[in-house]
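Welcome! Take a moment to turn the model around on your screen, and then let us walk through it together, beginning with its sheets.

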Amino acid sequence: MESPAISVIFGTGGEERHKYLDLVMDSFFANNYPKDVEYILIEADNQYRVKEQTKSRFNIYKHIIPRNPFDIYWIFNIAAKFSSGNILIFHDNDVVVPKCFLSETEKKIHSSSGIGTTWKNIVYLGKGFSDSLLRGQVDLSEVKNSDKIGRFPSDTIHGGSIWVKRDSFFKIKGFPELFKGWGCRDDAFWLKSKSCVGWEDGSLMDLYHLYHARCGVDAQGARSTNPYYSKNRELLENMDNWTKDDWKQHIKGITEWGEFKS
């Protein structure tokens, strides 16, 4: 494959959401996009849990031993080192995309300042419909309002699927790694991006979030499962006062694994 136009990056850890990876990849492979795409998966786990058949769907697969429970921004920073695309898409492993996603994302990026989202809403699906999707009993086009348990517009949350021009990722020096577990890290990256290169909220399409415990529609549940949530909130509120040592910790994934590819 020639140098890809886009690198799509995923991270995973533990067993809970491995079952979603193939369904999410199915949605990407169904995209009507004519250029080469590079798919990267980083598994951060003490064991090798991703099935061989699933690994084979990715151009690059790496297994690493985790530092903290599913430290996704550390994983993303490491994955960026192995990427080759001029456009990087950091994508949650439980979010299904429509067939126009890659083409519309590329169009938006070419007219943008550097970092943002394409999607208009992330729609959270209920357990019953998510399970039926996994079993191949329904298609996403069949989703009804009664199958949806929540909806977040792009101007209210800042994760799920983030696109970044490669040079902008260099400039902002990757994702903030001081945040542990769930909560506040996406807001921190959004604030940093806005101040450095600018951020563009999406307005083009809906993405669909598959159901799992601790999903974003249950904010209180997410907080109760992360003992670091209060610390994360404190870090977010004090970003303007971060020291040089704080920022060194923030880019630890990059420095541990060497520089990005040029």
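Four strands make up an open sheet, in the order β5-β10-β7-β8, with mixed pairing. Strands β5 (95–96) and β8 stand at its edges with a single partner strand each, so one side of each is left without a neighbour in the sheet. Here two strands pair if DSSP finds at least two bridges between them, and helices (H or I, at least four residues) and strands (E, at least two) are DSSP runs, numbered from the N terminus.

A word on the source: this is a predicted model, in which local features need pLDDT of at least 70 and side-chain atom pairs count only at pLDDT 80 or more, while totals for chains, interfaces and linings use all residues. Residues are numbered from 1 along each chain as its sequence is written, and side-chain values use heavy atoms, with hydrogens and water left out.

**Strand β7 and its neighbours**

Look at strand β7 (residues 121–125) in this sheet. With strand β8 (residues 148–153), β7 pairs in the antiparallel sense over five bridges, and I122 stands opposite F152 there. With strand β10 (residues 206–209), β7 pairs in the parallel sense over four bridges. In β10, I122 has L207 as its bridge partner, and V123 stands opposite Y208.

How many of the residues of β7 are buried? Five of its five are, which leaves the strand mostly covered; buried means under 20% relative accessible area, exposed over 50%, and partly exposed in between (1.4 Å probe, protein chains only). In a regular strand the side chains alternate between the two faces of the sheet. In β7, N121, V123 and L125 point one way, I122 and Y124 point the other way, and all are buried.

Next comes helix α5 (residues 127–134), whose buried residues are F129, S130, D131, S132 and L133. These buried residues pack against α1 and β7, where contact means heavy atoms within 4.5 Å. After α5 you will find G136, with a positive phi near 75 degrees.

**The six-stranded sheet**

Another open sheet has six strands in the order β3-β2-β1-β4-β9-β6, again with mixed pairing. At its edges stand β3 (60–64) and β6 (115–116), each with a single partner strand, so one side of each is left without a neighbour in the sheet. Two bridges join β6 to strand β9 (residues 161–165), and these strands run antiparallel. G116 stands opposite W163 in β9.

Helix α1 packs on this sheet, touching β1 (6–12), β2 (37–44) and β4, and its direction makes about 165 degrees with that of β1. For such angles, axes are lines fitted to C-alpha atoms, for helices over the stretch in contact, and angles run from 0 to 180 degrees between N-to-C directions.

One residue to visit in α1 is H18. H18 is buried, with a relative accessible area of 13%. Leaving aside residues up to four places away in sequence, H18 touches T12, G13, E43, R49 and V50. The C-alpha atoms of H18 and V50 are separated by 6.5 Å, although these residues are 32 residues apart along the chain.

**Aromatic rings**

The structure holds 16 aromatic pairs. Rings of Phe, Tyr and Trp (its six-membered ring) pair if their centres lie within 6.5 Å; planes under 30 degrees apart count as stacked, over 60 as edge-to-face and the rest as tilted. Here are two of the pairs:

| Pair | Distance between centres | Angle between planes | Type |
|---|---|---|---|
| F28 and F101 | 5.7 Å | 90 degrees | edge-to-face |
| F90 and F169 | 5.1 Å | 25 degrees | stacked |

The pair F28 and F101 links distant parts of the chain: F28 lies in helix α1 (residues 18–29) and F101 in helix α4 (residues 101–110), 73 residues apart. Both F28 and F101 are buried.

The pair F90 and F169 also links distant parts of the chain, with F90 in strand β4 (residues 87–91) and F169 in helix α6 (residues 166–172), 79 residues apart. F90 counts as buried at 1% relative accessibility, and F169 is buried at 2%.

Which residues form one aromatic cluster? They are Y73, F76, F90, F169, F175, F189 and W199. Over the ring of Y73 sits the charged end of R185, 5.6 Å from the ring's centre; a charge sits over a ring if NZ of Lys or CZ of Arg is within 6 Å of the ring centre and within 35 degrees of the ring normal.

**Cysteines**

The structure holds zero disulfides, a disulfide being a pair of cysteine sulfur atoms within 2.5 Å. C100 is partly exposed, with a relative accessible area of 34%, and C196 counts as partly exposed at 27%.
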